Amino acid sequence: MRKESRLILALAALLLLPVFFLPLWSIGVVAPQYSDGLGMYIMIDDVVGHERHDIQNLNILNHYIGMQPIVPEEVPALDIMPWAVAFLIGFGLLAAVVGRRFMLYGWLGSFGVLGAAGMVEFYRWLYDYGHNLDPTAPIKIPGMTYQPPLIGTEQLLNMHASSWPSWGTLFITLSILLGGLVLWNEFRPIRFLQWKRDQKDRTEDRTVRTRPRSGQLPTAAAIVSLVALLGACGQAPQASAEAESYDQTRSVLAGHEDDYCGGTIGEIRFGGELVTTDGDTFRFLSTECMAGFVAENGIANGQVRSMKVVEYTHGSRLIDAREARFVRSEQHSSPSGLDILATDRELIAYNLRRFFGGDELSWDEVVELVRHEWDIR
Amino acid sequence: MSRVSKKMKYLGLGALAVALPVFLVACPTAEGGPAGDAATQTYVAPGEYDEFYAFLSGGYNGQMSVWGLPSGRMFKNIPVFSQDPESGYGYSEETKALLNTSFGPQAWDDSHHPHISQTDGDSDGRWIFINANNTPRIARIDLTTFETVETIEIPNTGGNHASSFVTSNTEYVIGATRFSIPEEMDADVPIDSYRENFGGKISFVAVDGETGRMSMDFQLRVPPYNYDLARAGKGPSADWAFFTTYNTEQAHTLLEIGASQNDKDFILAVNWRRAADAVANGQARQVPAEYYHNYYESYGGYAISDVHNDVLLLDPRDAEGILYFLPTPKSPHGVDVDPSGELIVAGGKLATVIPVHSFSRMLSAIENEEFEEIIDGIPVLRYESTIAGEVENPGLGPLHTEFDGRGNAYTSVYISSEVVKWSLETFEVLDRIESFYSIGHLMIPGGDNVNPAGKYLIGMTKTARDRFLPTGPKQAHPAQLYDISGDRMVMLSDFPTFGEPHYAQAIEASKIQPNNKRIYDLEANEHPHAIKRTQDARVEREGNVVRVYMAHLRSHQRPDNIEGIEVGDTVYFHNTNVEQDWDVLHGMAIKGMGNAEVLIAPGQTKTLKWVPTRTGIFPFYCTAFCSALHQEMQGYVRVSAQGEAPPLMWRTGDEQRVAGQ
């Protein structure tokens, strides 16, 4: 093996040392009652809480759905992993010292096998954790299992679970990447980067031997690690902000003339917006004005690019009128007198009817109602 | 004629000038809400925190409530001197001792003046003290758990009203007799021998700087007046404490008239540092005094009571240079020291001015011996020698003063029902604003210490009358929140309070919030009857005492079936909440228990005593909604007739155990 290959390989082996102190994986849950979240770190030989009592609290919560308590002493992989990593460090260093390529292959091979076995074992443990449910559990939901994702996020009942590799895994990744770099370096016809120039210097003038700039490659590796570290493994990603803000919707409607009923749109809660395939935009202060516009001009579906109404309870989301549920409730008064409220949620529509009375209508029914009420021919 | 019409014209202009700003202020905003500024200043959005913690005394409920400012939202009620069936405070075996006194356990008291511990004259947020007025005591509340952890009785004292004010490094928390009583303990004398037999006591309770543990250090013997309120000095006056007196007339009946005759009563100035030295030098004598000191000896165990039988009493006739009287008009109520420590403001309850004494003038008057007379070894300084100024036209019935740190003082004025702002430089009134109605104490966060946060002021008023939706003849006592950051005071909100707050304290949330405890550490629980693991749950019999070591966790008690108890047994349920999760509490109650529930915080052990008097099956259950299966958190105790009980056994699910096996 080339000299720099052996150096990089030694570095790769040593990069596994932090794995003994840093968590490999982080699994967290966030629930309404646990806005700060509960969670656990998978360490090389242990499972510990994000906070001191998190494991205990997770076990208490999970017993309701029959999940087995986490007892780190009973997870066999945690007994084996420290030896596996120690073996990789020792083997890697040995290979660097001996400098034979077959040892490099051996190291990379065993790294790959052990890594894969680790992931499989981890998955198996997660599977068992989520599926091995006590049949006498108080809360049983047919078909429901609670396996946390291997990587990523998932909604499990009221818990938003997330699972991400943590710092330890990052070092493992860096280690194997450096191992790959060694392989690549070995089969590259000439040395790369600074080494190339050193060799050139040496061939040109063997008497003035410049000191090989052996510091540069590790420095580059360190920078790569640092950047990777900084960008590493946040917990759960932010849920995307829901729909448009009030200000956005308001800017679409408020202050514009109603294109059918006339008058300026003030309160946007009842409003709507229709865009034709020609690109013309029409704005309305109420659902019934938009329906009237459609009825009067005989606008067919094919002529409409989008037709939206403001969701009533939210007051700022624009929803597709053809998908929306409308409730005609005399307890509310819309600006145009037909008292039509729009929503896209079944439950809200149900509650509006339950609390305020009135009928639920589809968009086509609204158009028919307006045609009838306003005597549009 | 022309003069009249001119006058009318001015009157009209004046009315317009008044009406216009009123109209501008009163005009509702476009959103239709209340005047926009006040609403937004007190609005704390969901999920956000208040800027200040406020601690309002409970007055006649003997408790203390915790609030947020500026929102005026109540967070907690801390039981202190009263039994509290909600939490089991004073009912559970652990807390009973905290209510012990030499007169037996007291189920109730009247708490007036909370005071936060101080470092260098500034509130440090470690503990808060509060007095019991009726059966004189001082309590200490730990501000990491917001629980009462210690009480100490003040002996040979009638009405501990001028309390519980701390000195500027919490060396002492002070107490004083509001009602002078016979000097000798338990003396049986005619009431009309008041002048011969009665006396007053000023008490200095030492506070351990590390643990906060209190101890009765010494008392000072003072003439038989009423000692009303107190403040320790600060900065240059830090070695001193000041007490108002009334009833220097020494009336013992119909004080309303009898104690209101003298033109001047006194402020008593006490050099406590010198007094402590004199006591250390052996100048005090031990006198009989029975008093209780109640505290937790270990983390999470039972509160215990030490009984003491004497107290060190220092007579000013035996030690000079400690006590001085400052004549002050007229039945002064509050005595407050400005942030610099130089000005001593008296609330001349029946006076037409607010008298302000100067500490430095007081010192020079003492040096020059400008004495009017000497009463019981206490020199009376000349009024002219100590007074720095008088605030004219302060309103009717000035009571208490706090400071904003910008050179202004704010005095509550009871009869004219207002807050008066005045300048510490010119002693002129700068602004006044009404209160609803009849304000007692007022409070600015830090307004009594060296570093006021002069942003808000709350006034605590004595009667609500028509301010809120009515609730029968008795209404809640209101508090008003004012913005005092500008030249003019602005009222922001008006909210009902809990109990009858007298004085209050407030502190920046940042001084308390980071130290808040979320759980009691189960591993550190030193309760002799705690269990650390659910497997240790068991029942033991010692004669006719049965101890149930019960574990509580979501969602069961362990054990939850118990048999082998008989009528005549005394049963102690030692309930340990083995959870370590914030705000997950369990409660415990059993049918017919003649007791209050116990609420058990995570990691805590609380004991419920039960003496069954009838045979049968007695259900018990968790009283705090802890979890989705809270309703399932229940159990049964079987009680048999005397001599007929089966062997003691207990069960949880499939696990069944019999005593001794």
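Visitor: Which helix of chain A and which strand of chain B each supply at least two residues of the lining of the second largest pocket?

Guide: This is a predicted model, with local features needing pLDDT of at least 70, side-chain atom pairs pLDDT 80 or more, and lining totals using all residues. Residues are numbered from 1 along each chain as written, chains are lettered from A in written order, and side-chain values use heavy atoms. With helices (H or I, at least four residues) and strands (E, at least two) taken as DSSP runs, the two contributors are H2 (54-63) of chain A and S37 (556-558) of chain B.

Visitor: How many residues does H2(A) give to that lining?

Guide: The second largest pocket is lined by 36 residues, and those nearest its centre include Asn59(A), Ile60(A) and Leu553(B). H2(A) gives the most to this lining, its share being 5 residues.

Visitor: What is the distance between the ring centres of Phe87(A) and Phe91(A)?

Guide: Both residues lie in helix H3 of chain A, 4 residues apart, about one turn of the helix. Their planes meet at 45°, so the pair is tilted (centres within 6.5 Å; stacked under 30 degrees, edge-to-face over 60, the rest tilted). The centre-to-centre distance is 5.5 Å.

Visitor: Is Phe91(A) buried or exposed?

Guide: Phe87(A) has 42% relative accessibility and therefore counts as partly exposed. Buried means under 20% relative accessible area, exposed over 50%, partly exposed in between (1.4 Å probe, protein chains only). At 19%, Phe91(A) is buried.

Visitor: Which residues form one aromatic cluster with Phe122(A) and Trp125(A)?

Guide: Phe122(A) and Trp125(A) are stacked, because their planes lie at 20° with centres 6.5 Å apart. The other members of their cluster are Trp25(A) and Tyr129(A).

Methods
On a 1 Å grid over the protein atoms alone, a cavity is a set of points where a 1.4 Å probe fits but cannot get out, and a pocket is an open set with protein on both sides within 12 Å along at least five of seven lines; lining residues have an atom within 4 Å of a point. Rings of Phe, Tyr and Trp (its six-membered ring) pair if their centres lie within 6.5 Å; planes under 30 degrees apart count as stacked, over 60 as edge-to-face and the rest as tilted.
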